[in-house]
Amino acid sequence: MQVEDDDKQGGEDDESGAVARRGLVLVISSPSGAGKTTIARGLLASEPDLSLSVSCTTRPKRAGEVDGRDYHFVDRDRFAEMVEADAFLEHAAVHDHRYATPRAPVERILDAGQDVLLDIDWQGAVQVREAIAQDVVSVFVLPPSLAELERRLFSRAADAETVIRRRLKNALQEIPHWEDYDYVVVNRVAEAALAEVRSILHAERLRRRRQVGLPDFVGKLLG
Ligand code: 5GP
């Protein structure tokens, strides 16, 4: 049995005999300090078929950050030009700066049957879901308590106290958006939260509609 061309976006079965699948977009959001970045890094280290979408931002580069790896750092004019050119899947203002997900790399990765991780805020998550609902799996990471969130933000020491205070205030505005997500993970222990998000990814890869090679596979199975 042949699959329709339109359904073949994950490509043919590879040599391992794996069923061809379309990739998914894993969106992870949380207030800063809830451990989202640690989870994202852990996932990327252990999942060869998952790559990180590198966002564009107008915020200044922090110490240790690398242009093109952590973000594409652009000025406000360039950002506006890219919005105008429809180059972004979503864009939003977060903590007084603008952030956006470039559209083309995400589409390329999905079409290749691979997965892409978006570490974006709730405003971006809403837009991505509207743009490509079928391809999106969204996870919201909550801290176990506000006291723990504050402790984590201060122990990170990457930001000045005024910045941390603002992030805490923003956290109170971000947390109520948990209801917009497919999954919610409370990050008490980083390894456990990572394992939970990994389970979500693995299960979602097996969704029937994502396994576009199934008609072909079952056709061969039944001879
Ligand atoms: P930071 O400046 O600390 O790297 O990120 C601040 C916030 O911006 C984080 O919550 C992060 O998830 C969010 N963010 C980063 N990139 C994007 C993006 O491309 N789009 C949206 N909507 N939010 C983003």
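1. Let's start with the β5–β6 hairpin in this predicted model. Strands β5 and β6 make a hairpin with two residues between them. One residue to look at in the turn is His95, where phi is positive at about 45°. The two strands run antiparallel and are joined by six bridges. β5 covers residues 88-94, and β6 covers residues 97-102. If you want a landmark for the register, take Glu90, which stands opposite Thr101 in β6.

2. β6 also pairs with β3, a strand made of residues 56-57. This pairing is antiparallel too, and two bridges hold the register. Here Thr57 is the residue to find, as it stands opposite Tyr99 in β6.

3. Stepping back to the sheet: four strands form an open sheet, and their order is β4-β3-β6-β5. The pairing in the sheet is mixed. β4 (72-73) and β5 stand at the edges with a single partner strand each, so each has one side without a neighbour in the sheet.

4. Just before β5, please have a look at Asp86. This residue has a positive phi of about 60°, although it is not a glycine. Asp86 belongs to the loop that links α2 (76-84) to β5.

5. Now to the ligand. Which residues are closest to the ligand? They are Ser55, Arg59, Tyr71, Glu90 and Tyr99, out of 17 residues that surround it. Two of these names have already come up in the strand pairings: Glu90 opposite Thr101, and Tyr99 opposite Thr57. By class, the shell divides into seven charged, six nonpolar and four polar residues.

6. Three side chains are worth checking for their polar contacts with ligand oxygen atoms. In Tyr71, an N or O atom of the side chain is 2.5 Å from an oxygen atom of the ligand. For Arg59, the distance from a side-chain N or O atom to a ligand oxygen is 2.6 Å. Arg62 places a polar side-chain atom 3.0 Å from an oxygen atom of the ligand. On its own the ligand has 510 Å² of accessible area, and the protein covers 93% of that.

7. Where does the ligand sit with respect to the pockets? The space that it takes is the largest pocket. The elements that contribute two or more residues to the shell around the ligand are β5 and β6, which brings us back to the hairpin of the opening point.

How values were computed: Residues numbered from 1 in each chain as written. Predicted model: local features only at pLDDT ≥ 70, side-chain atom pairs only at ≥ 80, totals over all residues. Heavy atoms only, no water. Pairing = 2+ DSSP bridges. Near = heavy atom within 4 Å. Polar contact = N/O pair within 3.5 Å; in protein donor to acceptor, adjacent residues only side chain to side chain. Areas by Shrake-Rupley, 256 points an atom, 1.4 Å probe, with all protein chains shown as cover. 1 Å grid on protein atoms, 1.4 Å probe; cavity = no way out; pocket = protein on both sides within 12 Å on 5 of 7 lines; lining within 4 Å. Sits in = over half its atoms within 2 Å of the grid points. Nonpolar A, V, L, I, M, F, W, Y, C, P; charged D, E, K, R; others polar.
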